[in-house]
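Colleague: Let me test the labels on this one. For each label I want the value, the cut-off and the conclusion.

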Amino acid sequence: MYELIELFFFAYRDFVGDADRLLEAYGFGRAHHRVLYFVSRRPGLTIAELLEILRITKQSLNRVLRELVDKNFVEIRAGALDRRRRQLYATPDGERLALRLAQVQTRRFALALEQLGDWGEESALAFLTAMIDPQKRASDALSRQEPPKRAGQAQ
């Protein structure tokens with residue numbers, strides 16, 4: 001198992017490293033990437049839902065979210081039904097950055113899956129899903145009220 005653990009660390013390092021290099025130009029880090037990723041994939045996501053997905057403190061989210069809003073990558077709107085529920089949306093600049101980040105990471109996944117052949121994607125999905133705590137897996141699935149969009153799709 002130590003070999004798998006080590007490979008997982010190295011794979012994660014390189015997977016996020018591709019995005020890290022793009023994020024540096026904006027003064028952003030991995031926390032910004034995670035927020036932008038989920039906001040762009042789930043337009044209208046509430047702050048409470050994002051906190052649940054990321055499992056971080058409100059204080060941690062506020063700093064990152066404020067920077068993304070100040071630099072015009074994310075906007076916060078009052079909820080349509082309940083104005084107290086603040087909803088998050090990627091701006092056009094945010095969508096473009098989310099798409100660029102997804103493209104570099106998609107490229108790495110595609111190259112790796114290509115080496116595994118026909119069963120690669122199915123096995124990878126099964127493995128990664130099995131790595132998630134079953135209770136958290138269920139709550140993450142419940143947080144999606146409709147299928148998430150692909151990065152770069154119109155809202």
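Colleague: Why does Asp20 count as buried?

Modeller: The model is predicted, and the values are computed from it. Asp20 has 18% relative accessibility. Buried means under 20%, so Asp20 qualifies.

Colleague: What makes Asp20 and Arg30 a salt bridge?

Modeller: Their closest N and O atoms are 2.6 Å apart. The limit is 4 Å between a side-chain nitrogen of Arg and a carboxyl oxygen of Asp, so the pair counts. It links distant parts of the chain, with Arg30 in helix α2 (residues 30-41) and Asp20 in helix α1 (residues 2-24), 10 residues apart.

Colleague: Why is Arg30 called partly exposed?

Modeller: Its relative accessible area is 35%. That falls between 20% and 50%, so Arg30 is neither buried nor exposed.

Colleague: How many salt bridges does the structure hold?

Modeller: There are 9. One of them joins Arg96 to Asp93, at 2.3 Å from N to O. Both residues lie in helix α5 (residues 92-116), 3 residues apart, about one turn of the helix.

Colleague: How do you know whether Arg96 and Asp93 are buried, partly exposed or exposed?

Modeller: Arg96 has a relative accessible area of 48%. Asp93 has 30% relative accessibility. Exposed starts over 50% and buried ends under 20%, so both are partly exposed.

Colleague: What makes Glu75 and Arg77 a salt bridge?

Modeller: The closest N and O atoms are 2.4 Å apart. That is within 4 Å, so the pair qualifies. Glu75, at 29%, is partly exposed. Arg77, at 36%, is partly exposed too.

Colleague: Which ring does Arg77 lie over, and how do you know?

Modeller: Arg77 lies over the face of Tyr89, at 3.8 Å from the ring centre. The distance limit is 6 Å, so that test is met.

Colleague: Which residues are linked to Asp18 in a network of salt bridges?

Modeller: Arg21 and Arg108.

Colleague: Now the rings. Why is the pair of Phe28 and Phe73 called edge-to-face?

Modeller: The structure holds 5 aromatic pairs, and this is one of them. The centres are 5.3 Å apart, and pairing needs 6.5 Å or less. The planes stand at 80°. Over 60 degrees is edge-to-face, so the label follows. Phe28 sits in the loop between α1 and α2, and Phe73 in the loop between α4 (58-70) and β2 (74-78), 45 residues apart. Both Phe28 and Phe73 are buried.

Colleague: How are the rings of Tyr37 and Phe38 classed, and why?

Modeller: Their centres are 4.9 Å apart and their planes at 90°, so this pair is edge-to-face. Tyr37 is partly exposed, at 36% relative accessibility.

Colleague: Which residues form one aromatic cluster?

Modeller: Tyr26, Phe28 and Phe73.

Colleague: Which residues are buried in helix α3?

Modeller: Ile47, Leu50, Leu51, Ile53 and Leu54 are buried in α3, which spans residues 47-54. They cover an arc of only 165° around the axis, which puts them on the same side of α3.

Colleague: What does Arg55 do just after α3?

Modeller: Arg55 takes a positive phi there, about 55°.

Note on methods:
Residues numbered from 1 in each chain as written. Predicted model: local features only at pLDDT ≥ 70, side-chain atom pairs only at ≥ 80, totals over all residues. Heavy atoms only, no water. Helix = DSSP H or I, 4+ residues; strand = E, 2+ residues; numbered from the N terminus. Buried < 20%, exposed > 50% of the residue type's maximum accessible area, 1.4 Å probe, protein only. Arc of directions from axis to C-beta. Phe/Tyr/Trp six-rings, centres within 6.5 Å; stacked < 30°, edge-to-face > 60°. Lys NZ or Arg CZ within 6 Å of the ring centre and 35° of its normal.
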